[in-house]
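User: I'm new to this structure and would like a close look at one part of it: the surroundings of the ligand. Could you walk me through that, and then show me how it fits into the rest of the chain?

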Amino acid sequence: MSAVIEVQNLHKKYGDLVAVDDVSFSVEEGEIFGILGPSGAGKTTTVECIEGLRNRDGGEINVLGLDPRQERAEITQQLGVQLQDGQLPDRMQVAEALSLYSSFYRNPADWRHLMDALGLSSKGGNACGALSGSQKQRLSVALALVGNPQVAVLDELTTELDPQSRRETWELIKTVRDSGVTILLVTRFVEEAELLCDRIAVIDKGRIAATDTPAGLAERVQTEQRIQFRPSAPLNDALLARLPDVSGVTRQGDYVVVTGNHNALGAVTCLLAHHQIVAEHLRVDQATLEDVLLTMAHKRSATL
Ligand SMILES: Nc1ncnc2c1ncn2[C@@H]1O[C@H](COP(=O)(O)OP(=O)(O)OP(=O)(O)O)[C@@H](O)[C@H]1O
């Protein structure tokens with residue numbers, strides 16, 4: 001396998017705001033590579049630098065042997081990119097849009113075939129503005145593929161969709177990958193990344209917290225416990241965070257949520273007893289991937 005996208009030490013600022021801070025990863029041919037992170041983490045900025053839509057401030061990017069800063073026109077030919085909402089006139093018909101966009105490419109895919117493959121063949125005469133949410137997503141994927149790209153970038157494809165349409169879109173993404181297209185998938189949903197991606201870069205506040213397979217990330221979770229309770233008296237979270245067995249402390253309303261290793265429960269109850277605080281409604285669970293990502297995010301903000 002070889003890398004189709006390589007990003008090294010990418011930096012991007014908007015004025016004083018550091019949006020992307022020393023991000024590095026590579027996407028291998030044939031994989032679905034996920035960029036996972038909360039809103040504002042720097043995901044879109046990263047992919048826009050890859051697409052050549054934004055100029056980076058520092059670092060190196062190589063897309064299929066091309067530098068997006070120097071060779072944007074060629075990247076546009078070779079990289080499949082979704083249109084942003086509102087970029088198509090509402091009245092344009094689905095078939096017209098696909099036919100028009102295919103004409104922009106040197107070596108386009110057969111757009112009629114694509115329309116069939118994406119379950120849009122009965123919608124060819126429909127106005128783009130009158131499609132349902134999931135049909136719009138299908139069209140958006142079709143437009144990303146109409147140039148016959150080796151690599152497609154799919155950004156927050158399912159954010160607006162209901163659970164059923166989200167599942168359909170996941171199946172669709174797998175089919176696209178199985179047809180040989182490498183996919184860079186941007187998402188804020190842990191479940192989506194876990195289900196679809198071969199590897200995931202977790203990004204938060206512009207920095208990569210971890211890059212691993214879903215199983216690799218889950219392994220970090222297995223050793224973690226999640227301890228949740230309501231303290232009977234005010235409690236300084238920093239005391240808990242300083243315990244060596246504790247990896248993260250967050251608040252959910254009146255509740256304190258502590259993540260840590262298998263000794264964390266003992267350490268937390270000892271500390272509470274020492275401060276004469278009772279852990280009301282105490283619950284101990286195995287941590288989820290979501291907890292671990294939150295903990296990573298918290299560690300990052302604590303060190304800023
Ligand atoms: N054009 C811009 N001008 C100024 N700041 C921007 C601009 N675009 C993004 N930002 C800021 O940069 C940071 C990263 O934004 P970005 O859109 O890359 O994050 P994201 O992870 O894609 O978020 P979302 O999931 O909400 O799309 C955010 O703090 C955002 O407010």
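**Around the ligand**

Analyst: Let's start right at the ligand, keeping in mind that this is a predicted model. The residues surrounding the ligand are Tyr14, Leu17, Ala19, Gly37, Ser39, Gly40, Ala41, Gly42, Lys43, Thr44, Thr45 and Arg188. Sorted by class, that shell has 6 polar, 4 nonpolar and 2 charged residues.

Which elements each supply at least two residues of the shell? They are β2 (17-28) and α1. Of the elements, α1 gives the most, with 3 residues.

So α1 deserves a look of its own. This helix covers residues 43-51, and 7 of its 9 residues are buried, so α1 is largely enclosed by the rest of the structure. The buried ones are Lys43, Thr45, Thr46, Val47, Glu48, Cys49 and Ile50. Notice that Lys43 and Thr45 are on this list and also in the shell around the ligand. Just past the end of α1 comes Gly52, with a positive phi of about 85 degrees.

Now for the other contributor, β2. Asp22 is found in this strand, and its backbone has something worth checking: a positive phi of about 65 degrees, although Asp22 is not a glycine. For background, most residues other than glycine have a negative phi. Is Asp22 buried, exposed or partly exposed? With 14 other C-beta atoms within 10 Å, Asp22 is partly exposed; to be called buried, a residue needs 20 or more.

Stepping back, here is the whole chain. Its secondary structure comes to 11 helices and 13 strands, and its C-alpha atoms fill a box of roughly 70 × 40 × 35 Å along the principal axes. Of the 304 residues, 38% count as buried. Take the contacts between residues at least 6 apart in sequence: 69% of them join residues at least 24 apart.

The domain assignment splits the chain into domain 1 (3-218) and domain 2 (225-286). Taken over C-alpha atoms, the centres of domain 1 and domain 2 are 40 Å apart.

Next, the nonpolar interior. The largest nonpolar core has 63 residues, and the ones touching the most other members are Leu98, Ala142, Leu154, Leu184 and Leu185. Which helix gives the most to this core? That is α5, with 6 residues. Apart from this core lies another one of 11 residues, including Phe229, Val249, Leu272 and Ala279.

Let's follow α5 a bit further. It runs over residues 133-145, 13 residues in total, and reaches 19 Å from its first C-alpha to its last, close to the 18 Å expected at 1.5 Å a residue. α5 is mostly covered, with 10 of its 13 residues buried: Ser134, Gln137, Arg138, Leu139, Ser140, Val141, Ala142, Leu143, Ala144 and Leu145. What do these buried residues pack against? Their partners are the strands β5 (79-81) and β6 (151-155), together with the helices α3 (94-102), α4 (111-117) and α6 (163-178).

You can see this from a single residue, too. Setting aside neighbours within four places in sequence, Ala142 is in contact with Leu98, Leu114, Met115, Leu118 and Leu120.

Not everything in this area is covered, though. Ser103 is found in the loop between α3 and α4, and it counts as exposed because it has 10 C-beta neighbours inside 10 Å. Ser103 and Val146 are 43 residues apart in sequence, yet 9.2 Å apart in space, C-alpha to C-alpha.

Two more residues round off the tour. Val202 has its place in strand β8 (residues 199-204) and counts as buried, with 24 C-beta neighbours inside 10 Å. Between Val202 and Leu217 there are 9.7 Å in space, C-alpha to C-alpha, and they are 15 residues apart in sequence.

His281 has its place in strand β13 (residues 279-286). Its phi is near 50 degrees, a positive value in a residue other than glycine. Is His281 buried or exposed? It is exposed, with 9 other C-beta atoms within 10 Å.

Note on methods. Residues are numbered from 1 along each chain as its sequence is written. This is a predicted model: local features need pLDDT of at least 70, side-chain atom pairs count only at pLDDT 80 or more; totals for chains, interfaces and linings use all residues. Helices (H or I, at least four residues) and strands (E, at least two) are DSSP runs, numbered from the N terminus. The expected span of a helix is 1.5 Å times one less than its number of residues. A residue is buried if 20 or more other C-beta atoms lie within 10 Å of its own, exposed if 12 or fewer, and partly exposed in between; C-beta atoms are placed from the backbone. Two residues are in contact if their C-beta atoms, placed from the backbone, lie within 7 Å. Domain bounds come from an automatic or database domain assignment. A residue is near a molecule or strand if its C-beta atom, placed from the backbone, lies within 6 Å of it. Ala, Val, Leu, Ile, Met, Phe, Trp, Tyr, Cys and Pro count as nonpolar, Asp, Glu, Lys and Arg as charged, and the others, Gly among them, as polar. A nonpolar core is a set of buried Ala, Val, Leu, Ile, Met, Phe, Trp, Tyr and Cys residues joined through C-beta atoms within 7 Å.
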